[in-house]
Amino acid sequence: LPRHYASDPQFVARFQQEAKIIAKLTHPRILPVHDFGESDGYTYIVMPFVKSGTLTDLLKGPALSLSQVRTLVTQIGGALDYAHARGLVHRDVKPSNVLIDETGNCLLTDFGLAKIIEGSAHLTTSGAIMGTPAYMSPEQGLGHKIDKRSDIYALGVILYEMAVGRVPYSAETPMAVVIKHINDPLPPPRTVKPELP
């Protein structure tokens with residue numbers, strides 16, 4: 001993680017607390033944490049290296065079949081369900097946080113990093129909203145307290161993107177995308193891709 005976080009004692013304490021919790025997640029669709037710590041002014045997490053890519057990479061290729069979409073959303077949903085049952089919220093569910101292994105299965109990663117970073121004194125005083133605008137629930141965009149439903153909303157956005165070929169909202173600025181999530185009705189998938197069943 002960026003070096004400036006390691007100089008914040010509140011961040012380091014929160015990082016260690018959350019990393020211990022994340023390291024206890026043992027699910028076949030969650031990338032495991034093997035170790036964590038500090039070295040030379042950096043905080044770090046040790047996870048397996050998955051060289052095959054992310055869901056973002058997969059979405060750049062040919063359109064996914066509905067069977068592939070069903071498999072992927074079921075795997076991501078299973079990982080989230082497992083974490084939610086243990087009181088954990090991911091906070092930044094998006095295709096780049098879903099690794100695809102050599103056999104085509106999903107591994108959800110970066111679990112809890114948004115929460116760790118959000119809890120640091122440096123960022124909470126700046127009023128920053130954590131998350132990725134294209135996948136952010138309205139509650140998250142408004143800065144309200146969030147729970148597992150925000151992760152489920154983000155999974156719904158990923159489902160939409162996999163089925164349709166694009167996210168439901170786009171705009172010139174990240175804040176404009178957040179505002180669309182808050183105010184605009186969902187564009188019906190068939191208006192974008194009429195052949196969807």
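Where is the place of R91 in this predicted model? R91 sits in the loop that runs between α4 and β3, and its backbone has a positive phi of about 80 degrees even though R91 is not a glycine. With a relative accessible area of 18%, R91 is buried, because that value falls under the 20% cut-off.

The following residue in the chain, D92, belongs to the loop between α4 (66–85) and β3 (98–100) as well. D92 counts as buried, since its relative accessibility is 16%. The side chain of D92 is also joined to that of T132 by a polar contact of 2.7 Å. Taken together, this loop offers a buried arginine with a positive phi and a buried aspartate with a side-chain partner.

A second positive phi is found at D40, with a value of about 50 degrees, and here too the residue is not a glycine. D40 is placed in the loop between β1 (35–39) and β2 (42–46). Is D40 buried or exposed? At 66% relative accessibility D40 counts as exposed, because the value is over 50%. In the case of R91, by contrast, the relative accessible area is 18% and the residue is buried.

G41 shares the loop between β1 and β2. The relative accessible area of G41 is 34%, so this glycine is partly exposed. Measuring from C-alpha to C-alpha, G41 and A176 lie 36 Å apart in space, with a separation of 135 residues in sequence. Strand β2 itself includes Y44, which counts as partly exposed because its relative accessibility is 32%. Between the C-alpha atoms of Y44 and V93 there are 20 Å in space, and the two residues are 49 apart in sequence.

Attention now turns to helix α2, which covers residues 9–23. Its 15 residues reach 21 Å from the first C-alpha to the last, close to the 21 Å expected at 1.5 Å a residue. Which residues of α2 are buried? They are F11, V12, F15, E18, A19 and I22. These buried residues lie on the same side of α2, because they cover an arc of only 140 degrees around the axis. The general geometry helps in reading this pattern: an α-helix has 3.6 residues a turn, so residues three or four places apart point the same way. On the face of α2 turned away from the buried side, the exposed residues are P9 and Q10. Q10 also takes part in an arrangement at the start of the helix, where a side-chain oxygen of D8 reaches to within 3.0 Å of the backbone nitrogen of Q10.

The interior of the model holds 3 cavities of 30 Å³ or more. The largest of them has a volume of about 60 Å³. Of the 11 residues that line this largest cavity, I22, V33, M47, D110 and F111 are the closest to its centre. I22 thus appears both among the buried residues of α2 and among the residues closest to the centre of the cavity. What is the make-up of the lining by class? The lining has 9 nonpolar residues, with 1 polar and 1 charged residue besides.

A final site is P188, in the loop between α9 (174–183) and α10 (189–192). P188 counts as partly exposed, as its relative accessibility is 46%. From C-alpha to C-alpha, P188 and Y160 are 9.6 Å apart in space, while 28 residues separate them in sequence.

Conventions: Residues are numbered from 1 along each chain as its sequence is written. This is a predicted model: local features need pLDDT of at least 70, side-chain atom pairs count only at pLDDT 80 or more; totals for chains, interfaces and linings use all residues. Side-chain values use heavy atoms; hydrogens and water are left out. On a 1 Å grid over the protein atoms alone, a cavity is a set of points where a 1.4 Å probe fits but cannot get out, and a pocket is an open set with protein on both sides within 12 Å along at least five of seven lines; lining residues have an atom within 4 Å of a point. Grid points are joined across faces, edges and corners, and a volume is the space filled by probe spheres set on the points. Ala, Val, Leu, Ile, Met, Phe, Trp, Tyr, Cys and Pro count as nonpolar, Asp, Glu, Lys and Arg as charged, and the others, Gly among them, as polar. Helices (H or I, at least four residues) and strands (E, at least two) are DSSP runs, numbered from the N terminus. The expected span of a helix is 1.5 Å times one less than its number of residues. Buried means under 20% relative accessible area, exposed over 50%, partly exposed in between (1.4 Å probe, protein chains only). The arc is that of the directions from the helix axis to the C-beta atoms. A polar contact is a pair of N or O atoms within 3.5 Å; within protein, one must be able to donate a hydrogen and the other to accept it, and residues adjacent in sequence count only if both atoms are side-chain atoms.
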